[in-house]
Amino acid sequence: MNRRYPNTARALAGLLVCLLLAACDKPVQTTYSDAASAFHPSDECHVCGMIITELPGPKGEVVEPTGTKKFCSTAEMLGWWLQPENHHGNARLYVHDMGRSSWDSPDDSHLIDAKNAFYVIGTELKGSMGVVLASFSEQQAAEQLAADKGGRVLRFYEIDQALLQQQTAMSHMTH
């Protein structure tokens, strides 16, 4: 019995030292940034799974503390966002400013707040599947596109699921 006691004491002492060392470790600080991030060639659309950078037109992203969801188009992002279960109070929504970007390859350094953007719907511009919503930071640029390519200018709060579905049905009838 005396032989077991020293072994047990050593084991307990070793365990105590490990616990003390673990307690001294500083907790890992997680940082969260609600800033927009660049799109990468491997990024897939959160809704349809398509490779985002292979498609023309403005893209969208939703940044939350739990992560960033990226979308192949502004319409895909807004369609997802408009579903009540996806509304999170601390989410930030971003879209490309097409007044400062090439249509075929939007510039990620010009991502803007989607809730403050101006949108042009009903043009003949090609994007990913479904509705094409060209996004702009400035109303004048949006109005110029609508004058040049047809369509109408909308604000974020004017876009709803019915509008997105109606435009999708109309685009299928004309193609």
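**Entry 1: the strands around E3**

In which sense do E1 and E3 pair, and over how many bridges? I looked this up before anything else, keeping in mind that the model is predicted. E1 and E3 turn out to be antiparallel, and four bridges link them. One position I noted here is Glu61, which stands opposite Tyr94 in E3.

Next I followed E3 to another partner. E3 also pairs with E4, again in the antiparallel sense, over three bridges. There I found His96 standing opposite Leu111 in E4. I checked how covered E3 is as well: four of its five residues are buried, so I wrote it down as mostly covered, buried being under 20% relative accessible area.

A reminder to myself from the textbook: strands of a sheet pair through backbone hydrogen bonds, either parallel or antiparallel.

**Entry 2: the sheet with E5**

What is the strand order in the open sheet of three strands? I read it as E6-E5-E7, with antiparallel pairing. Its edge strands are E6 (133–136) and E7 (152–155), each of which pairs on one side only. From one strand to the next, the twist averages 35 degrees.

I then zoomed in on E5 and E7. These two run antiparallel and are joined by four bridges. Phe118 has Arg155 in E7 as its bridge partner. I met this couple again when I looked at side chains: the charged end of Arg155 sits over the ring of Phe118, 3.8 Å from its centre.

**Entry 3: helices against that sheet**

Which strands of the sheet does H2 touch? I found H2 packing on the sheet with contacts to E5 and E6, and its direction makes about 95 degrees with that of E6. Helix H3 (residues 139–149) lies across E5, E6 and E7, and it runs at about 5 degrees to E5.

**Entry 4: inside the cores**

I turned to the nonpolar cores next. The largest one has 30 residues, and Met77, Leu93, Tyr119, Leu133 and Ile159 have the most contacts inside it. Elements that give it two or more residues are E1 (60–64), H2 (74–81), E3 (92–96), E4 (111–113), E5 (118–121) and H4 (161–174). Which element gives the largest share? My lookup says H2, with five residues.

Apart from this core I found another, of 11 residues, including Phe118, Val120, Val132 and Phe136. My course notes have a line for this: in soluble globular proteins, nonpolar side chains tend to be buried together.

**Entry 5: H2 up close**

How many of the eight residues of H2 are buried? I counted eight of eight, so by the under 20% rule this helix is mostly covered. Among the buried residues I listed Thr74, Glu76, Met77 and Trp81.

**Entry 6: rings and charges**

I searched for aromatic pairs and got one. Why does the pair of Phe71 and Trp80 count as tilted? Their ring centres are 5.5 Å apart and the planes meet at 45 degrees; planes under 30 degrees apart would count as stacked and over 60 as edge-to-face, so this pair is tilted. Both partners are covered: Phe71 is buried with a relative accessible area of 0%, and Trp80 is buried at 9%.

My last lookup was another charge over a ring. The charged end of Lys70 sits over the ring of Phe39, 5.2 Å from its centre.

Note on methods: Residues are numbered from 1 along each chain as its sequence is written. This is a predicted model: local features need pLDDT of at least 70, side-chain atom pairs count only at pLDDT 80 or more; totals for chains, interfaces and linings use all residues. Side-chain values use heavy atoms; hydrogens and water are left out. A nonpolar core is a set of buried Ala, Val, Leu, Ile, Met, Phe, Trp, Tyr and Cys residues joined through side-chain atoms within 4.5 Å. Buried means under 20% relative accessible area, exposed over 50%, partly exposed in between (1.4 Å probe, protein chains only). Rings of Phe, Tyr and Trp (its six-membered ring) pair if their centres lie within 6.5 Å; planes under 30 degrees apart count as stacked, over 60 as edge-to-face and the rest as tilted. A charge sits over a ring if NZ of Lys or CZ of Arg is within 6 Å of the ring centre and within 35 degrees of the ring normal. Two strands pair if DSSP finds at least two bridges between them. Axes are lines fitted to C-alpha atoms, for helices over the stretch in contact, and angles run from 0 to 180 degrees between N-to-C directions. Contact means heavy atoms within 4.5 Å.
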